[in-house]
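These are my notebook entries on one protein model. I set down what I looked up, one topic at a time.

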Amino acid sequence: MDRLVEADMSRRDLLIASAASVAAGGTAAQAADALAPAGSTPGPPGAEVSLKVNGQDRTLTLDNRTTLLDALREHLQLTGAKKGCDHGQCGTCTVIVEGRRINSCLTLAVMHQGEEITTIEGLGKPGDLHPMQAAFVKHDGYQCGYCTPGQICSAVSVLEEIKAGIPSHVSDDLNARPKVTAEELRERMSGNICRCGAYSNIVDAITDVSGGRA
């Protein structure tokens, strides 16, 4: 009997202690809310990020977890780069950062402090198209158009990679300057998926811009 009473008292003490802990936590939370500016909602820590986007200096205050893709689309309203798989597998979010193409859904905006970023909007505009944009129109390198911005950004970078002598997995000689061939272009563009299947037209467009035979 005494043991049952002791067990009951232990449970009661535990409940009392738990209630006191919850109450203390609630009081601390209320105190923190009281210190916050009126009308504000507590959120995750933010950071000031300065980017040079399409030639313009832009400064944003962002949640540290904001991807570069979301910074471009949601904060700068540059919606050319699309959110497809959001896992870096489809290439629709491809943009050019410091001269190199990247999947903007896989990188955080805060990682690109002060860097130069080019999106499809920065390559050309209606009436003043980039040669690659004009070639995609000429060779019907798009159908639904959803993947096209990423395809074009990637294609521009591909020609720069070949020009710089960067080999690919299908290059015959890693020490020789790669050439613009259908095989090279297909390999280098393999990270950009076109569900409509306009691949041959995309190769023709890139070849045309390179000065080769389409």
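**Entry 1. A turn after a helix.** I began with Gly-211, which follows directly after helix α7 and takes a positive phi of about 95°. I note here that the model is a predicted one.

**Entry 2. Helix α7.** I then went back along the chain to α7 itself, which covers residues 199-210. It has twelve residues, and from its first C-alpha to its last it reaches 17 Å, close to the 16 Å expected at 1.5 Å a residue. Which residues of α7 are buried? I found Ile-202, Val-203, Ala-205, Ile-206 and Thr-207. These buried residues pack against α4, α5 and α6.

**Entry 3. Asp-208.** I looked next at Asp-208, which is found in α7. I recorded Asp-208 as partly exposed because its relative accessible area is 26%, and partly exposed means between 20% and 50%. Leaving aside neighbours within four places in sequence, Asp-208 is in contact with Lys-138 and His-139. I also looked up its distance to Phe-136: the two are 72 residues apart in sequence, and their C-alpha atoms are 9.6 Å apart in space.

**Entry 4. The whole protein.** I turned to the overall arrangement. The protein has seven helices and five strands. Read from the N terminus, the order of elements is α-β-β-α-β-β-β-α-α-α-α-α. Of the 214 residues, 33% are buried. The accessible surface comes to about 13,000 Å², and carbon and sulfur atoms account for 53% of this area. I also looked at contacts between residues at least 6 apart in sequence; 51% of these join residues at least 24 apart.

**Entry 5. Strands β1, β2 and β5.** I followed β1 (residues 46-53) and β2 (residues 56-63), which run antiparallel and are joined by eight bridges. Within this pair, Glu-48 has Thr-61 of β2 as its bridge partner. The two strands form a hairpin with two residues between them, and Asn-54 in the turn has a positive phi of about 50°. In which sense does β1 pair with β5, parallel or antiparallel? The pairing with β5 (residues 116-118) is parallel and runs over two bridges. There, Val-53 stands opposite Ile-117 of β5.

**Entry 6. Strands β3 and β4.** I then examined β3 (residues 94-97) and β4 (residues 100-103), an antiparallel pair joined by four bridges. Val-95 has Ile-102 in β4 as its bridge partner. Two residues lie between the strands of this hairpin, and Glu-98 takes a positive phi near 50°.

**Entry 7. Ser-157.** I chose Ser-157 in helix α5 as a further position to inspect. I recorded Ser-157 as buried, because its relative accessible area is 3%. Not counting residues up to four places away in sequence, Ser-157 touches Ile-96, Arg-100 and Arg-101.

**Entry 8. Salt bridges.** As background, I noted that side chains of opposite charge can pair when their charged atoms come close. How many salt bridges are there? The count comes to six. In one of them, the side chains of Asp-70 and Lys-83 meet at 2.8 Å, N to O. Asp-70 lies in α2 (residues 68-75) and Lys-83 in the loop between α2 and β3, so the pair ties together parts that are 13 residues apart in sequence. Asp-70 is partly exposed at 21%, and Lys-83 is partly exposed at 32%.

**Entry 9. A salt-bridge network.** I found that Arg-101, Glu-161, Glu-184 and Arg-188 are linked in a network of salt bridges. The side chains of Glu-161 and Arg-188 meet at 3.6 Å, N to O. Since Glu-161 lies in α5 and Arg-188 in α6, this pair ties together parts that are 27 residues apart in sequence. Glu-184 and Arg-188 meet at 2.9 Å, N to O; both lie in α6, four residues apart, about one turn of the helix. I checked accessibility as well: Glu-161 counts as buried at 18%, Arg-188 at 7% and Glu-184 at 5%.

**Entry 10. A nonpolar surface patch.** Last, I looked at the surface. Leu-129, Val-137 and Tyr-142 form a nonpolar patch there, with about 250 Å² of accessible area together. Tyr-142 lies in the loop between α4 (131-138) and α5 (148-163). I recorded Tyr-142 as partly exposed because its relative accessibility is 32%.

Definitions and conventions. Residues numbered from 1 in each chain as written. Predicted model: local features only at pLDDT ≥ 70, side-chain atom pairs only at ≥ 80, totals over all residues. Heavy atoms only, no water. Patch = residues over 30% accessible without salt bridge, like charges linked within 9 Å, V, L, I, M, F, W, Y side chains within 5 Å. Areas by Shrake-Rupley, 256 points an atom, 1.4 Å probe, with all protein chains shown as cover. Salt bridge = Lys/Arg side-chain N within 4 Å of Asp/Glu carboxyl O. Buried < 20%, exposed > 50% of the residue type's maximum accessible area, 1.4 Å probe, protein only. Expected span 1.5 Å × (residues − 1). Contact = heavy atoms within 4.5 Å. Pairing = 2+ DSSP bridges.
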